[in-house]
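User: I have a model open and want to go through its charged pairs, its pocket and its surface. Please keep the answers short.

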Amino acid sequence: MNKRVRQYVGLLSAVIAYYLIHEGAHFLYALSIGAFKQINFMGLGMQIDIYSEKMTQTQLGVFCLLGSVMTLLIAYVLIALTNKIRTVSSKVLKACLYYITIAMLLIDPLYLSVLCGFFGGGDMNGIKLLVPEVAARIIYGLVLVVNVFLFAKIVLPKYKLAFADETQ
């Protein structure tokens, strides 16, 4: 499989993994508290619909927070496993895990610190039930800065080496 195809497969796997983990966290929490309504498929995305009237404000806040917490946890696990992932012989699997790591590290912090103000609150609507929106956006902004640093200093150099090793 050539490099361009691997990149597209990696990007597609990142989108799928992101939705499975982020929305999966929402789904499991909604099920656990008896508030799950349905899954809405919209364009390329999906959304977990809930009976918000069955939830306290704290439960709604936790519901909205869990998606981003889970994507960040998975990102940090993938960073911790980067040296192991580098040794995998499959170029496709390595590309998939590289793009999944990027997605998990950056999507939620970027959206919840900056983009939610332009494209609607999404999860921020619930998170601000737990903490003031300004505080949440600052925290996610700091997480974004840390994650960009982690990507630049750990993930990118190690994957560059992993893919360079294959050309030798």
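User: Which side chain meets Arg137 in a salt bridge?

Analyst: This is a predicted model. A salt bridge needs a side-chain nitrogen of Lys or Arg within 4 Å of a carboxyl oxygen of Asp or Glu. For Arg137 the N to O distance is 3.3 Å. The partner is Glu133.

User: How many residues apart are Arg137 and Glu133 in helix H6?

Analyst: Helix H6 covers residues 133-167 and holds both Arg137 and Glu133. About one helical turn separates them, because they are four residues apart.

User: Which residues are joined into one network by salt bridges that share partners?

Analyst: The structure holds two salt bridges. One joins Arg137 to Glu133. The other pairs Lys128 with Glu133 at 3.6 Å, N to O. The shared partners give one network of Lys128, Glu133 and Arg137.

User: Is Lys128 buried, partly exposed or exposed?

Analyst: Buried means under 20% relative accessible area, and exposed means over 50%. Lys128 has 38%. That value lies between the two cut-offs, so Lys128 is partly exposed.

User: Which class do Glu133 and Arg137 fall into, buried, partly exposed or exposed?

Analyst: The buried class ends at 20% relative accessible area and the exposed class starts over 50%. Glu133 has 27% relative accessibility. Arg137 has 23%. So Glu133 counts as partly exposed, and Arg137 also counts as partly exposed.

User: Which elements give two or more residues to the lining of the largest pocket?

Analyst: The largest pocket holds about 780 Å³ of space. Its lining has 32 residues, and Tyr18, Tyr19, His22, Glu23 and Met46 lie nearest the centre. The elements that give two or more residues are helix H1 (3-32), strand E2 (45-50), helix H2 (57-80), H4 and helix H5 (124-127).

User: How many nonpolar residues are in the lining of the largest pocket?

Analyst: Sort the lining by class. Four residues are charged and eight are polar. The nonpolar count is 20.

User: What accessible area does the nonpolar patch with Val114 have together?

Analyst: Val114 sits in helix H4, residues 91-119. Patch residues need over 30% relative accessible area. Val114 has 35%, so it counts as partly exposed. With Leu110, Phe118 and Phe119, Val114 forms a surface patch of about 440 Å².

Conventions:
Residues are numbered from 1 along each chain as its sequence is written. This is a predicted model: local features need pLDDT of at least 70, side-chain atom pairs count only at pLDDT 80 or more; totals for chains, interfaces and linings use all residues. Side-chain values use heavy atoms; hydrogens and water are left out. Patches are made of residues with over 30% relative accessible area and no salt bridge: like charges are joined within 9 Å, nonpolar side chains (Val, Leu, Ile, Met, Phe, Trp, Tyr) within 5 Å. Accessible areas come from the Shrake-Rupley method with a 1.4 Å probe; for residues, only the protein chains shown count as cover. Buried means under 20% relative accessible area, exposed over 50%, partly exposed in between (1.4 Å probe, protein chains only). On a 1 Å grid over the protein atoms alone, a cavity is a set of points where a 1.4 Å probe fits but cannot get out, and a pocket is an open set with protein on both sides within 12 Å along at least five of seven lines; lining residues have an atom within 4 Å of a point. Grid points are joined across faces, edges and corners, and a volume is the space filled by probe spheres set on the points. Ala, Val, Leu, Ile, Met, Phe, Trp, Tyr, Cys and Pro count as nonpolar, Asp, Glu, Lys and Arg as charged, and the others, Gly among them, as polar.
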